[in-house]
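This report goes through selected chains of one assembly, taking charge, fold content and surface in turn before turning to the contacts between chains. The sequence and the structure come next.

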Amino acid sequence: MKFASEFRDPVAARALLSAIARKADAIGAARARPVHIMEICGGHTHSIFRYGLDRLIHEGVEFVHGPGCPVCVLPMARVDECVEIAERPGVIFTTFGDAMRVPGHRKSLLQAKSGGADILMVYSPLDALELARRSPGREVVFFGLGFETTTPSTALSIQQAAREGLTNFSVFCNHITVPEPIKALLDDPDMVLDGFIGPGHVSMVIGTHPYDFIARDYGKPIVVAGFEPTDLLQSVLMVLTQIAEGRAAVENQYARVVPEYGNSVSLAAIADVYERRPSFEWRGLGEIDASGLRIRAKYAAFDAEEKFGIGYATGRRSVPEIEGCACGAVMTGKLKPTQCPQFGKGCTPDMPLGALMVSSEGACAAYWQYAGARETAA
Amino acid sequence: MKFASEFRDPVAARALLSAIARKADAIGAARARPVHIMEICGGHTHSIFRYGLDRLIHEGVEFVHGPGCPVCVLPMARVDECVEIAERPGVIFTTFGDAMRVPGHRKSLLQAKSGGADILMVYSPLDALELARRSPGREVVFFGLGFETTTPSTALSIQQAAREGLTNFSVFCNHITVPEPIKALLDDPDMVLDGFIGPGHVSMVIGTHPYDFIARDYGKPIVVAGFEPTDLLQSVLMVLTQIAEGRAAVENQYARVVPEYGNSVSLAAIADVYERRPSFEWRGLGEIDASGLRIRAKYAAFDAEEKFGIGYATGRRSVPEIEGCACGAVMTGKLKPTQCPQFGKGCTPDMPLGALMVSSEGACAAYWQYAGARETAA
Amino acid sequence: MCLGIPGRITAITDAARLMAMAEVSGVRREVNVACVAGHDLEALVGQWALIHVGFAMSLIDADEAQETLDQMALSRESLA
Amino acid sequence: MCLGIPGRITAITDAARLMAMAEVSGVRREVNVACVAGHDLEALVGQWALIHVGFAMSLIDADEAQETLDQMALSRESLA
Amino acid sequence: MALRDTHVTMAHGGGGRAMRDLIDDVFTSVFQPPDTEDQARLMDEALREPGARLAFTTDSFVVTPLEFPGGDIGTLAVCGTVNDLAVGGARPLWLSAAFIIEEGCEIALLRRIVASVAAEAAQAGVRIVTGDTKVVERGKGDGLFITTAGVGVIPPGLDLGARHIRPGDAVIVNGVLGDHGATILAARGDLALSVDLASDCAGLGHLMQAALAAAPGLRAARDCTRGGLASALNEMAAEAGLAVELDETRLPLRPEVAGVCEILGLDPLYLANEGRLVLFCPPDQAEALVAALRRLPEGQGACVIGQTLPAPAGRVTLRTAFGGARLVDMLIGEQLPRIC
Amino acid sequence: MALRDTHVTMAHGGGGRAMRDLIDDVFTSVFQPPDTEDQARLMDEALREPGARLAFTTDSFVVTPLEFPGGDIGTLAVCGTVNDLAVGGARPLWLSAAFIIEEGCEIALLRRIVASVAAEAAQAGVRIVTGDTKVVERGKGDGLFITTAGVGVIPPGLDLGARHIRPGDAVIVNGVLGDHGATILAARGDLALSVDLASDCAGLGHLMQAALAAAPGLRAARDCTRGGLASALNEMAAEAGLAVELDETRLPLRPEVAGVCEILGLDPLYLANEGRLVLFCPPDQAEALVAALRRLPEGQGACVIGQTLPAPAGRVTLRTAFGGARLVDMLIGEQLPRIC
Ligand code: SF4
Ligand code: SF4
Ligand SMILES: [Mg+2]
Ligand SMILES: [Mg+2]
Ligand SMILES: [Mg+2]
Ligand SMILES: [Mg+2]
Ligand SMILES: [Mg+2]
Ligand SMILES: [Mg+2]
Ligand SMILES: [Mg+2]
Ligand SMILES: [Mg+2]
Ligand SMILES: [Mg+2]
Ligand SMILES: [Mg+2]
């Protein structure tokens with residue numbers, strides 16, 4: 001596959017691993033005193049485990065798995081609201097596949113579907129739009145979730161629905177943004193991170209400048225990275241190099257896809273359709289100021305919160321999360337997944353308790369699934 | 001079963017058969033010159049075959065099976081309209097079971113159901129009413145068909161729906177009346193009938209006087225009969241007795257159920273809800289003046305013809321019936337079912353062509369099913 | 001046509017809607033009794049009626065039934 | 001998060017709605033090209049784009065890709 | 001791992017851990033099949049006897065409601081296949097059981113039905129040796145369908161079949177007709193009938209062994225399921241090339257079943273049974289056969305109901321109480337309640 | 001009588017003439033079962049051999065769409081059960097086939113699928129000896145479900161099974177992975193993907209005979225169906241009490257299948273197959289085994305993909321192209337397309 005296979009070259013990977021080892025040694029990183037590098041994006045977590053990079057890399061480099069899986073950080077109360085909408089008569093609730101298993105307080109969408117709710121898995125909001133066109137008697141709701149990468153797709157779909165005058169299409173908006181939770185993490189006094197791998201696909205939309213504050217205000221290196229294994233290794237090397245050189249800058253390893261100033265069409269669509277919520281709740285992290293988007297009043301006809309009088313629209317706030325999970329500590333790098341008392345006991349991928357066990361992107365699920373952490377736990 | 005088993009007594013039956021034989025001999029009835037007695041009602045046809053009375057009775061008495069099966073005489077065009085209504089989105093079309101198999105031009109209700117139409121078999125219009133109460137989002141249509149026996153049940157159901165203010169219940173009215181087709185038969189110059197067995201359950205609603213014209217104007221005996229085998233035999237004996245005595249009167253063998261003037265509540269309900277159509281089409285018999293009922297304007301909200309703009313309401317008339325069937329001749333006693341060129345060939349109970357093969361009440365179907373006429377035909 | 005069957009009214013189930021329980025050979029079904037109801041609904045209990053498509057259409061007259069049977073017995077005796 | 005994958009635009013399928021056919025390893029899917037469309041839609045045909053949830057989100061810059069690969073080769077040589 | 005879910009979701013059909021847990025916890029733990037491989041490996045000494053033959057049959061079971069007075073879809077699934085083996089003279093040995101589960105099915109219900117399957121199999125002396133589960137989306141199933149297949153062994157020299165029936169043979173049933181069909185009609189609820197009836201569902205393997213012992217000349221037997229006694233007799237008369245004449249006064253029928261039929265205008269000869277069979281034997285062995293059947297609970301109501309006649313081939317008639325006769329033809333489609 | 005209907009109605013399930021016509025015209029005329037009784041009576045000389053055993057298995061088949069590139073539900077229903085017999089070392093002999101048909105199913109479609117069943121059975125050298133049809137109401141089925149059960153004979157002395165696997169055994173597959181799963185995902189249409197792929201659906205009975213001949217030390221084989229290669233290996237590793245290590249560079253995969261997986265975020269190791277099996281044999285017989293498999297059309301892509309290790313018991317890992325390793329765990333529920 002062009003623009004992918006070239007970046008999976010084992011020889012190049014070995015070279016990068018050696019270079020990383022030398023650089024790590026040079027800055028004195030060791031198992032006892034590791035350099036902590038957070039990959040913000042769940043896709044990067046996925047790649048690390050899929051290719052076994054965590055086992056291959058120098059033992060002085062420790063990956064900290066960030067909050068960048070929008071499925072994982074969805075709070076239970078929002079899932080409850082999805083279920084509530086999906087169970088309304090006449091509704092066809094459409095969603096990306098991996099959101100189906102996220103537990104709410106009562107049930108997941110998968111369970112609601114088994115109970116009779118009309119829930120349909122789609123690949124794209126365009127498919128939900130097409131379904132709405134073909135089902136004039138039904139209300140088609142699309143479960144809009146995701147970071148800045150995904151936000152343009154729902155914004156463009158809402159604009160298209162408005163152009164066509166569709167009256168039976170709406171989006172249940174749960175879009176969130178990357179910079180705000182990173183800022184929250186950096187503000188944590190217990191924070192141990194030495195640098196960041198920046199999210200490649202978020203950045204293709206927003207560009208690299210939204211991360212300037214990380215380098216400028218907090219003095220931490222960040223390298224926006226592609227998702228292939230050599231992309232990741234090269235980015236780690238670039239972070240280590242900055243550390244070695246005492247620099248902190250925003251660098252772009254993924255220039256083949258990420259333009260410095262992002263994508264103007266996407267940004268315009270987002271700005272037209274969405275506005276910031278004062279605050280939004282993240283599973284494991286709690287409320288974070290200005291971290292979520294909502295649909296602007298001019299598109300209220302396509303806003304499921306308005307149409308169904310549900311969620312932030314009603315002023316109702318979230319029900320508390322479940323007790324006893326260490327997701328926050330794992331997400332901020334303070335604990336490893338296996339150090340959570342629930343890991344593999346109360347919390348497993350088939351009955352997830354915390355955020356990070358939900359999607360295969362989640363740090364705990366990835367540990368379980370790919371890293372064989374189960375044996376460690378058992 | 002009380003009021004039934006007593007009338008199935010083989011000893012009494014044998015006595016009645018002997019009395020009939022003597023009476024038949026007395027009036028000179030013989031295989032070559034039989035007395036033709038028409039049982040108007042399909043229920044009587046059914047009993048005759050179920051108990052094998054046609055084989056037991058004196059060979060000079062020949063039963064002619066009348067037009068008294070409302071399922072059989074339903075014209076194809078009306079079935080087409082049923083299908084049209086049933087296939088409308090949102091409709092639940094409810095019907096008595098035996099109407100499901102009646103062929104229309106395109107298909108039967110059974111076939112429409114297999115094609116996805118929401119068609120439900122019910123035992124009573126009350127069940128359709130209850131379904132409408134429980135299904136506020138759906139339009140529940142009841143397929144009202146039947147003679148005067150059944151008409152009160154839909155009239156009372158419509159009155160009840162009106163009292164409750166139900167807006168999603170309607171009746172597709174195909175009710176027909178007995179006296180008019182009998183008059184049409186009697187007016188046929190080729191008519192060969194010597195007397196009638198009158199329909200017991202129709203008469204419990206309308207009483208016996210509506211048949212006065214048969215005796216008075218046409219000089220034919222008629223005995224209103226019950227449905228058990230000895231009821232039928234006794235009624236045949238009463239007809240033969242009238243013939244022997246040169247009388248023609250309306251007599252009531254079924255006095256345990258049939259009051260002389262019928263049932264006043266039923267008649268009032270019919271009069272309140274229904275009015276006569278100028279004319280109605282009968283399968284095999286064509287249009288017969290004043291032989292069908294329609295829902296009065298004051299109950300238009302419960303009239304499926306009005307609600308769906310279908311049928312006689314639209315002024316559209318019937319599509320012609322299929323060629324080559326001898327139903328009319330069989331129904332008027334001119335031919336026996338086995339004499340129809342289609343019997344057992346183009347026309348069988350699983351693929352009925354004509355009216356009389358449709359329901360097991362139909363003369364041709366009864367011949368096929370119970371009398372072993374198949375071998376005769378084959 | 002017009003399948004009808006004798007059933008015994010065993011209880012009034014909903015006086016307002018004129019509904020009663022009818023029993024045929026141990027089989028129970030709720031039926032409408034509008035056509036046979038007099039002033040005293042309860043008086044129906046224990047009576048036999050001709051049931052058709054969920055409606056009690058006519059009360060069955062036991063005397064008339066007996067008379068019909070007697071009539072048949074007559075033709076039997078005349079045979080003997 | 002944000003599963004994205006390089007695909008080649010092979011045809012414009014609905015210019016009004018900005019839809020095009022994209023191909024990934026022989027798998028075809030119609031995608032929206034609003035984010036990458038310039039004045040001449042047809043110019044997209046043959047280009048590679050990053051596809052995410054049915055949208056072409058960004059054109060892939062082959063020169064930049066080569067530069068990144070060169071960069072990697074460098075660390076390989078520095079190893080040798 | 002023990003299943004924590006209360007309802008079946010699509011995950012339980014996906015081939016992964018959820019499916020394995022469902023199978024292990026709900027099915028395998030109860031059936032305890034002999035092999036871990038997805039095939040049972042079996043042998044029975046009777047199969048090695050020269051002249052012995054293997055009997056093999058299958059049926060899918062679809063019934064609404066899944067549970068009803070007298071049984072559930074699980075008892076049906078075992079009895080139906082055991083009976084298809086037994087009526088051919090085979091000793092039923094092993095059953096497979098494949099479950100197609102609709103998303104949303106309650107797991108507690110599933111456990112009850114699996115328990116029924118196990119109990120009925122134990123009663124019939126057969127083992128559930130292999131199985132399968134599939135989950136289909138809501139609206140693409142009806143709660144649960146079960147398909148069983150059965151393997152048995154026919155001892156050397158035994159050859160039951162309609163072609164052995166001779167004119168004059170006695171026609172015998174093992175009990176009252178139509179209980180199952182009438183029970184299901186009422187249990188379904190949509191006709192709003194209420195009646196104290198229970199399905200006749202029963203495994204007839206032991207009964208057939210008793211029949212073979214009592215009437216060595218037994219010609220053929222068949223269980224009367226869908227389409228009732230009438231359909232079974234029509235099939236057999238056609239295969240035998242003979243006529244069957246039934247005696248209406250001898251047909252065993254509960255008043256409640258007759259009542260359901262009178263109300264709905266149905267013919268009890270066409271009502272489904274799940275524990276009834278019809279047997280053909282030489283007339284001189286009929287008495288012994290009936291007596292032997294009556295000794296077992298599932299043969300309590302056994303009686304002779306008619307006889308075979310040389311012709312016309314394939315015709316079944318019913319002699320009525322007053323000497324009339326009517327054809328008992330094959331049903332056309334399904335029996336639909338009549339109104340008129 | 002020849003069936004004149006174009007679509008199945010409830011009448012075709014009612015036990016009467018319509019049902020008989022459907023069965024006679026659509027099924028029996030094609031399968032020509034050996035018996036008119038509702039049980040097949042069978043014997044195969046191989047069964048009488050001392051030490052021979054009977055193998056018995058079942059599967060229900062539910063697939064949307066019913067017809068897809070490379071096969072249909074009928075080919076699946078035969079191949080699936082033939083393969084379950086074959087991978088246990090049995091020679092497949094007889095199949096039962098039970099059809100649950102949704103009201104409204106097109107009869108022409110039914111005929112095509114029945115023809116597929118017959119053709120695939122002929123190809124596999126098995127006979128459809130008994131069967132059943134049921135009709136369910138619209139909205140209570142999904143067009144058609146087929147349940148097959150299969151009976152075969154395992155020759156004396158042959159005992160394949162996961163418990164015989166030893167450390168160091170070679171792990172072998174017979175061809176590219178995931179074609180069936182990817183084909184069905186695309187054919188379903190709801191993801192609007194279009195790709196030139198065909199199901200790998202194939203009967204593997206002949207291939208297993210070739211494998212047994214080439215590698216007399218063959219330990220075990222299993223077909224990789226729902227849950228894919230990963231699930232089959234996890235089950236076998238657990239049963240064997242060993243670890244399995246796969247080599248990523250050796251896994252045979254079509255670019256199109258990889259493409260479908262990349263787009264949807266799926267792992268091809270979990271994609272369903274219907275004509276793929278995984279075999280375990282002593283390392284010194286691996287080469288001969290692969291060569292023998294490659295000689296048959298259904299073994300064209302055969303190759304060694306890994307080996308067994310003594311521990312940890314039940315663990316399956318994948319060695320990646322650059323020497324990393326990841327756990328290949330049992331799937332949790334179904335694989336759901338990922339977006340993020
Ligand atoms: S194991 Fe579960 S509860 Fe613990 S940190 Fe991970 S996701 Fe949260
Ligand atoms: S056989 Fe058919 S066409 Fe002929 S009279 Fe009877 S119903 Fe009519
Ligand atoms: Mg069978
Ligand atoms: Mg059976
Ligand atoms: Mg049978
Ligand atoms: Mg299976
Ligand atoms: Mg359902
Ligand atoms: Mg199997
Ligand atoms: Mg299988
Ligand atoms: Mg298998
Ligand atoms: Mg069967
Ligand atoms: Mg369906």
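In chain A of this predicted model, the mean positions of the 37 positive and 43 negative charges are 3 Å apart. In chain C, which carries 5 positive and 11 negative side chains, the centres of the two sets lie 12 Å apart.

Chain A contains 16 helices and 13 strands. Its radius of gyration is 21 Å, close to the 21 Å that the globule rule gives for 378 residues, so chain A is as compact as a globular protein of that length. Along the principal axes, the C-alpha atoms of chain A fill a box of roughly 65 × 45 × 40 Å. Where contacts with a separation of 6 or more are considered, residues 24 or more positions apart account for 78% of them in chain A.

Chain C is built from 1 helix and 5 strands, and these elements follow the order β-β-β-β-β-α from the N terminus on. Whereas a compact globule of 80 residues would have a radius of gyration near 12 Å, the value for chain C is 15 Å. The box filled by the C-alpha atoms of chain C, again taken along the principal axes, is roughly 55 × 25 × 25 Å. Of the contacts in chain C between residues at least 6 apart in sequence, 35% join residues at least 24 apart.

The table sets burial and surface values for these chains side by side.

| Chain | Property | Value |
|---|---|---|
| Chain A | Share of the 378 residues that count as buried | 64% |
| Chain C | Share of the 80 residues that count as buried | 48% |
| Chain A | Exposed surface, with the part supplied by carbon and sulfur atoms | about 12,100 Å², 53% |
| Chain C | Accessible surface, with the part belonging to carbon and sulfur atoms | about 3,400 Å², 48% |

The next topic is the internal division of chain E. Its domain assignment gives domain 1, which covers residues 10–154, and domain 2, which covers residues 162–327. The C-alpha centres of domain 1 of chain E and domain 2 of chain E lie 27 Å apart, and 21 residues of domain 1 are in contact with 22 residues of domain 2.

Which chains share the most contacts among the 9 pairs of chains that touch? They are chains E and F. One residue that takes part in contacts between these two chains is F:Ser96, which touches E:Phe56, E:Thr58 and E:Ala149, among others. Leaving aside residues up to four places away in sequence, F:Ser96 also touches F:Thr130, F:Thr147, F:Thr148 and F:Ala149 within its own chain. F:Ser96 is found in strand β5 of chain F, which spans residues 91–102. Is F:Ser96 buried or exposed? With a relative accessibility of 0%, F:Ser96 counts as buried, because buried means under 20% relative accessible area.

Other pairs of chains do not meet. No contact joins chain A and chain B, and the closest C-alpha atoms of these two chains lie 10 Å apart. Chain D and chain E do not touch either, their nearest C-alpha atoms being 22 Å apart.

Technical notes: Residues numbered from 1 in each chain as written. Chains lettered and ligands numbered in written order. Predicted model: local features only at pLDDT ≥ 70, side-chain atom pairs only at ≥ 80, totals over all residues. Heavy atoms only, no water. Helix = DSSP H or I, 4+ residues; strand = E, 2+ residues; numbered from the N terminus. Rg over C-alpha atoms; globule rule 2.2 N^0.38 Å. Buried < 20%, exposed > 50% of the residue type's maximum accessible area, 1.4 Å probe, protein only. Contact = heavy atoms within 4.5 Å. Areas by Shrake-Rupley, 256 points an atom, 1.4 Å probe, with all protein chains shown as cover. Lys, Arg positive; Asp, Glu negative; His and termini not counted. Charge placed at Lys NZ, Arg CZ, Asp CG, Glu CD. Domains from an automatic or database assignment.
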